[in-house]
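This report covers helix packing and the nonpolar core of one protein chain.

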Amino acid sequence: MNKLKQLLAIAILAASPLALSNGVMMEMFGMNKQMNSLFKAETAEDFQKSAQAFIKITSEAKEKMPASLDGDEEAFKGYQAGMQEVIDVVANAEKLAAEGKLDEAKETVKRLNELKKTYHQQYK
């Protein structure tokens, strides 16, 4: 029984780095899903809900170092700054939606496509 517990503990520890590296990937999938929801929102309320979900997921991703950075702290600072820029764009769009300016909010989040392309080239 002890050997089984030891093997299980080793398996969990061995999988941990993989789980951590996939953590950012899962957030990226969530961000993409919410980004699509922002573009498809038909009401300001729907837009705001998607924006809040997007900001939450992005904030979580901002705190995790992507595996592609190989522990490079300087690159991680740049990654975090990029994620903050993304958060700021969506937060501004959310404010517009709260003011009833849904079309302007959607126009604002179009910038996400540009940021996505830029930061994926640098940090993916």
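The text below deals with the core, then one helix, then one buried polar residue.

The model is predicted: local features need pLDDT of at least 70, side-chain atom pairs count only at pLDDT 80 or more, and totals for chains, interfaces and linings use all residues. Residues are numbered from 1 along each chain as its sequence is written, and side-chain values use heavy atoms, with hydrogens and water left out.

The largest nonpolar core (buried Ala, Val, Leu, Ile, Met, Phe, Trp, Tyr and Cys residues joined through side-chain atoms within 4.5 Å) has 30 residues. Buried means under 20% relative accessible area and exposed over 50%, with partly exposed in between (1.4 Å probe, protein chains only). Helix 3 gives the largest share of this core, 11 residues. Among the members that touch the most others are Phe54 and Leu112.

Helix 5 (helices are DSSP runs of H or I, at least four residues, numbered from the N terminus) covers residues 111–123. Its buried residues are Leu112, Leu115 and Tyr123. Seen down the helix axis, these fall within an arc of 60° (taken from the directions from the axis to the C-beta atoms), so they line one face of helix 5. Lys117 and Gln121, on the other side, are exposed.

Gln34 lies in helix 1 (residues 2–40) and counts as buried because its relative accessibility is 14%.

Contacts (heavy atoms within 4.5 Å) are listed here, not counting residues up to four places away in sequence:

| Residue | Contacts |
|---|---|
| Gln34 | Ser50, Ala53, Phe54, Ile57 |
| Leu112 | Met35, Leu38, Phe54, Val86, Val89, Val90 |

Note on methods: Helices (H or I, at least four residues) and strands (E, at least two) are DSSP runs, numbered from the N terminus. The expected span of a helix is 1.5 Å times one less than its number of residues.
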